[in-house]
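Q: Please take a close look at a single strand and its place in the structure. Start with the strand itself, then work outwards to whatever surrounds it.

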There are 2 protein chains.
Amino acid sequence: MSAAGKTLALLSFFSASRPEIGLSEFCKLAKRDKATTYRHLQTLEESGFIEQDALTKRYRLGPIVLQLAQTREITVPRKRGTEAPLLALAEATGETSHVSVLSGTTVYALAACESRQHSIRAIVDIQTFPLHATASGLCTLAFGPDTLFDVAVANMEQFTTNTIVTQTELESAVATVRETGFAWSNRSFEDDIQSVSAPLFDQTGAFAGTVTVAAVAARVAPGIAPSIQRYLITASRDITRNWGGSVPQDIEAIWSRTLSNPHMLERAS
Amino acid sequence: MSAAGKTLALLSFFSASRPEIGLSEFCKLAKRDKATTYRHLQTLEESGFIEQDALTKRYRLGPIVLQLAQTREITVPRKRGTEAPLLALAEATGETSHVSVLSGTTVYALAACESRQHSIRAIVDIQTFPLHATASGLCTLAFGPDTLFDVAVANMEQFTTNTIVTQTELESAVATVRETGFAWSNRSFEDDIQSVSAPLFDQTGAFAGTVTVAAVAARVAPGIAPSIQRYLITASRDITRNWGGSVPQDIEAIWSRTLSNPHMLERAS
DNA sequence: TCTTGTGGTTCATATATTGAACCTATATTT
DNA sequence: AAATATAGGTTCAATATATGAACCACAAGA
């Protein structure tokens, strides 16, 4: 990786749960030398991407990222288009809902909405979703560019005992997603979380992302699937419409078949 | 500058009025080699900071900046604290209002609000404000860290025929700002724009940024200054409060003196 | 006092960055 | 249809730049 790439990679260690990071912590996280890391941080600070707390010496994201986000929103105002449907989805299901977008070969988290219904709920605090281990990832593999499959196979890290680890299993899982129109993940990325995803499309009719319900596994009662899927379909249609597109006819047909066929529902979950 | 710094610098060329940029355009803007620029763009794309339009081959900001902005907002939710006061200021004055923040030695635009009162109005489409040529910059020099003055003197680019170009003039201008509590700029950065700034403070009582009214110069009638300044004082108090601070007593005293002294108002504008 | 943990710095070494020249494709002009 | 211009993208030798072991300074605990 280029020096610039390593420098930029440091930024991805910031998150809502880790908003401030010190030099030593960065070294551990990035598994890199202290001097190198320090210089990278200096570069980021000079560019305004991070700023250092004068007292604690810890680093946090700088104001320039707000500028960039504003410009991005003006250019591709997708996030705004997810807000209302995501809120509705979270309210209807009582579970955390989130939207991911595909850029290059990476599935990025774009927006999330937590339901206030339960005090225990899923928290979406990750920036990228592994293709093989998450509902969002599987959904992207099924409906996104075919070239992604090789990328997925090349990065099959095992996160839990339920994570898919062989190419054959992955092929089978993706096939099921294509057949049902929904992607399921059952404790395959994080313990105690079960997710369901549906695809989203842009104005060109191309796959553009996923909308997902992430539920606390203990709460997922048998037979709840059709209800969640119906809400997901609504959310997918709404977000896709807000992005200037519409759900392709073949996807609508698959959803319709899945919902009218209890056998397929069982397979999917 | 380090390679990583040059790479990051490319991102600052994106703005609301230039949301998509091609390779050749980047070369001209950054005054750098095509091969180098291309590799830098590749690095940015790999890191998710930009994405390339499949058809036009032009680059635009990627979704990762939305993530970073969200984390920044959670860490330092300053932008939100400016929204209501800025709207009120824009409504009251009928002119574009904006807020800048100081990070390191750079004055960054944080938020802007355009009044709908006039069809011709100032557009704030810059990311950083030159210290010597803008009301925000002069206000920062007057109330921010003293070390900034040398930085300002070292970067006295002439933008218009009204731009301050000598150290003596700059010293005098900053002194006036300190005496009056407001910074004025009259066509010194952009033709036809006159701005007035007031300082903002954070929870530690330290200078943290500026709030500014940017008016179309033709519309700035003589004698309108006291009215704008009164609205600016309100906005400064409100934003400072939202940031967890309060306007220092000495600044309040200076404002009070300025408003009750017509002679000083004339000097300031 | 000694240890362990921060953040920050130095300098010889080695590796990653650079840019002129190149290729390819697509418009536009002659 | 050939010529020209402009776009995005690629190559490789030269060299400028990044690297990390070892270093310092300081603070908190044992």
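A: In this predicted model, strand E5 (residues 106-113) of chain B is mostly covered, with 8 of its 8 residues buried.

Take the pairing next. Which strand runs beside E5(B) in the antiparallel sense? It is strand E4 (residues 96-103) of chain B, and the two pair over 7 bridges. One pair of opposite residues is B:Val101 and B:Tyr108, the latter in E5(B). E4(B) and E5(B) make a hairpin, with 2 residues between the strands. B:Gly104 lies in that turn and has a positive phi of about 70°.

Now follow E4(B) to its other partner. It pairs with strand E8 (residues 207-216) of chain B, again in the antiparallel sense, this time over 6 bridges. B:Val101 appears here too: its bridge partner in E8(B) is B:Gly209. This residue therefore links both pairings of the strand, standing opposite B:Tyr108 in E5(B) and bridging to B:Gly209 in E8(B).The wider sheet of chain B has 5 strands and is open. Its order is E5-E4-E8-E7-E6, and the pairing is antiparallel. Which strands form the edges? They are E5 and strand E6 (183-186) of chain B, each pairing on one side only. Neighbouring strands of this sheet are turned by 25° against each other on average, direction ignored. Helix H9 (residues 225-242) of chain B packs on the sheet. H9(B) touches E4, strand E7 (193-201) and E8 of chain B. Its direction makes about 35° with that of E7(B).

Chain A has a sheet to set beside this. It is an open sheet of 5 strands in the order E5-E4-E8-E7-E6, with antiparallel pairing. E5 and strand E6 (183-186) of chain A stand at its edges. Each has a single partner strand, so one side of each is left without a neighbour in the sheet. The twist averages 25° from one strand to the next. At one edge, E6(A) runs antiparallel to strand E7 (residues 193-201) of chain A, joined by 4 bridges. A:Ala183 has A:Ser197 as its bridge partner in E7(A). Helix H5 (residues 78-93) of chain A lies across E4, E5 and strand E8 (207-216) of chain A. H5(A) runs at about 60° to E5(A).

On to the contact between the chains. It takes 45 residues from chain A and 45 residues from chain B. Which elements of chain A give two or more residues to the side that touches chain B? The helices are H1 (3-11), H3 (34-46) and H4 (64-75). The strands are E3 (59-61), E4 (96-103) and E5 (106-113). H4(A) gives the most, with 10 residues. By class, this side of chain A has 22 nonpolar, 16 polar and 7 charged residues.

DNA strand C comes next. How many residues surround it? There are 19, and the closest are A:Ser2, A:Gly22, A:Leu23, A:Ser24 and B:Ala35. Both chains appear among the elements that supply at least two residues each of the surface near DNA strand C. From chain A these are H1, helix H2 (23-30) and H3. From chain B they are helix H1 (3-11) and helix H3 (34-46). H3(B) has the largest share, 4 residues. The surface near DNA strand C divides by class into 7 nonpolar, 4 polar and 8 charged residues.

Last, the helix packing in each chain. Two packed helices are described by the angle between their axes and the distance between the axes. In chain B, take helix H6 (residues 135-143) and helix H8 (residues 167-180). Their axes come within 9 Å and cross at roughly 75°. H6(B) and H8(B) are therefore roughly perpendicular to each other. H6(B) brings B:Leu138, B:Cys139, B:Leu141 and B:Ala142 to the contact. H8(B) brings B:Ala173, B:Val174, B:Val177 and B:Arg178. The contact has 7 nonpolar, no polar and 1 charged residues.

In chain A, helix H6 (residues 135-143) and helix H8 (residues 167-180) have axes that come within 9 Å and cross at roughly 75°. H6(A) and H8(A) are therefore roughly perpendicular to each other. A:Leu138, A:Cys139, A:Leu141 and A:Ala142 of H6(A) meet A:Ala173, A:Val174, A:Val177 and A:Arg178 of H8(A). By class, these residues divide into 7 nonpolar, no polar and 1 charged.

Notes:
Residues numbered from 1 in each chain as written. Chains lettered and ligands numbered in written order. Predicted model: local features only at pLDDT ≥ 70, side-chain atom pairs only at ≥ 80, totals over all residues. Contact = placed C-beta atoms within 7 Å. Nonpolar A, V, L, I, M, F, W, Y, C, P; charged D, E, K, R; others polar. Buried ≥ 20, exposed ≤ 12 C-beta atoms within 10 Å, placed from the backbone. Pairing = 2+ DSSP bridges. Near = placed C-beta within 6 Å. Axes fitted to C-alpha atoms, helices over the stretch in contact; angles between N-to-C directions. Parallel < 35°, antiparallel > 145°, perpendicular 65-115°, else oblique.
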